[in-house]
Amino acid sequence: MVGLEKYHGTKSRHTCPSCNSKNDFTRFIGDDGSYIADAVGICNRASKCGYSYTAKQFFADNPERKIGLTFGKSKRKAKSKGISNYALTNTNASQPPEAGKGFDYIAPEHLKTTFGSYENNSFVLFLLNLFPDSTEEIQSVLKMYLVGTYSDYQGCYTCFPSLDRLHRVCRAKLIRFNAKTGKRLKGKYDVSSLVRKLKLKEDFNYKQVFFGEHLLTRFPDKPIAVVEAEKTAIIASLCMPQFVWLGSNSKQWLKVERLERLGKRQVILFPDADGFEQWQAVATDANRQGLTVRVSTLIETLATDEQKKEGYDIADYLIEQARVARVQPVLQPIVEPVVARIESTIIDYSNPCTLSQERVDALCNRF
Ligand SMILES: [Zn+2]
């Protein structure tokens, strides 16, 4: 039965992967009595560190490892330690079709080849131009998300890798941008992937994770904000570092079972103007299942009809604000009023749902 390791002396308490405190980390043990994975466990320094990566979350991230495992309820233990119950019931029902096949990962050395040549990277040039006094913040955010550069005869791409919580590289999207506008180019060869460019594997089995998911364990106390595009996550992270910003890759990708992987944390969705209804329906459903998911109406309220058609998003809004506030230091004047405004637009789903059940079902059936 999967559960937390029982206490049998300091040997059974390990070094926390987040705060590095010795003998303070309780690890999860699998059916066969061996540890599940290095980072899977709970830090005992609940208020000072708060690191928690449960077996349930790990198996949701790694469905191929779930086969043959049974989860126990261990209610007494969960209650006495203030840990939420991690029992899983319908393991078979929640297994995606790719389970058991094993996922492919991009070797770290391939990703490392993209770290550099930022002077040719249109997205980075755009950011430096937009926030000329915030070079350090830009560098630190790029480093945090491991953003890189890839160049070949087809052009120079910005590389956005998605890593899981164990820091394995699940995918690396390549996108070309216009350095002046910061908009993505829309030609046939303007979007690609490292797997394709490096011809890593024909039938690469991608593990589906959020862009930025590897940051969840690093910032266990920050609320989570979800946007659609990687570019948006980066820009929002620069302007509002009080959230962990995740990218969903596409509108349709965001589903309740993927939000479930984020655990009981506070989640705020910032849909693009053309995705408000879809994400609102996902949030309604998520809250019905006990998650805390709220939606910001900022873009829905602000965008004109034309902007809505073009998929105006929070990055566009922040870029506009940055251009308006060309005062030194650039990031400072944006942050407070914008955050106040954004906070006022978040719908609290603990209030009764305003959408009818029919409407929600209709929206849900679309994908
Ligand atoms: Zn810790």
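Just after helix α9, Gly 290 takes a positive phi of about 90 degrees; helices here are DSSP runs of H or I with at least four residues, strands are runs of E with at least two, and both are numbered from the N terminus. The structure is a predicted model, in which local features need pLDDT of at least 70 and side-chain atom pairs count only at pLDDT 80 or more, whereas totals for chains, interfaces and linings use all residues. Residues are numbered from 1 along each chain as its sequence is written.

Helix α9 itself covers residues 276-288, and because a rise of 1.5 Å a residue predicts a span of 18 Å for its 13 residues, the 18 Å between its end C-alpha atoms agrees with expectation; the expected span is 1.5 Å times one less than the number of residues. The buried residues of α9 are Phe 276, Trp 279, Gln 280, Ala 281, Val 282, Ala 283, Thr 284 and Ala 286, where buried means that 20 or more other C-beta atoms lie within 10 Å of the residue's own, exposed means 12 or fewer, partly exposed lies in between, and the C-beta atoms are placed from the backbone.

The protein as a whole has 14 helices and 13 strands, and 36% of its 367 residues count as buried. Of the contacts between residues at least 6 apart in sequence, 64% join residues at least 24 apart, a contact being a pair of residues whose C-beta atoms, placed from the backbone, lie within 7 Å.

Among the strands, β1 (residues 3-4) is joined to β2 (residues 25-29) by two bridges in the antiparallel sense, with Gly 3 standing opposite Ile 29; strands are said to pair if DSSP finds at least two bridges between them. Strand β2 is also joined by three bridges to β3 (residues 41-43), again antiparallel, and here Arg 27 stands opposite Gly 41.

Further along the chain, four strands form an open sheet in the order β5-β6-β7-β8, with antiparallel pairing. Strands β5 (148-152) and β8 (191-193) stand at the edges with a single partner strand each, so one side of each is left without a neighbour in the sheet. The twist from one strand to the next averages 30 degrees. Within this sheet, β6 (residues 155-163) and β7 (residues 169-175) pair over six bridges, and Cys 159 has Leu 174 in β7 as its bridge partner.

A parallel pairing is found between β9 (residues 224-227) and β10, which are joined by four bridges, Ile 224 having Val 244 in β10 as its bridge partner. From β10 (residues 244-247), Val 244 and Leu 246 point one way while Trp 245 and Gly 247 point the other way, and all are buried.

Helix α7 brings several of these elements into one picture. Ala 233 is found in α7 and counts as buried because it has 29 C-beta neighbours inside 10 Å. Leaving aside neighbours within four places in sequence, Ala 233 is in contact with Phe 211, Gly 212, Val 227, Trp 245, Leu 246 and Gly 247. Ala 233 also lies 9.5 Å from Ser 248, C-alpha to C-alpha, with their positions 15 residues apart in sequence.

Helix α7 (residues 230-239) packs with α12 (residues 314-324) at an angle of about 45 degrees, their axes 9 Å apart, where axes are lines fitted to C-alpha atoms, for helices over the stretch in contact, and angles run from 0 to 180 degrees between N-to-C directions. That makes α7 oblique to α12; angles under 35 degrees count as roughly parallel, over 145 as roughly antiparallel, 65 to 115 as roughly perpendicular and the rest as oblique. The crossing of α7 and α12 is left-handed, meaning that the near helix is turned anticlockwise from the far one by less than a right angle, with clockwise giving right-handed. Lys 231, Thr 232, Ile 235, Ala 236 and Cys 239 in α7 meet Ile 314, Ala 315, Leu 318 and Ile 319 in α12.

The axes of α5 and α7 come within 10 Å and cross at roughly 135 degrees, and these two helices are therefore oblique to each other, in a right-handed crossing. Here Glu 137, Ile 138, Val 141 and Tyr 145 in α5 meet Ile 234, Ser 237 and Leu 238 in α7. In helix α4 (residues 122-130), Ser 122, Phe 123, Val 124, Phe 126 and Leu 127 are buried, and the buried residues of α4 pack against α5 (135-145), β6 and α7.

Notes. Contact = placed C-beta atoms within 7 Å.
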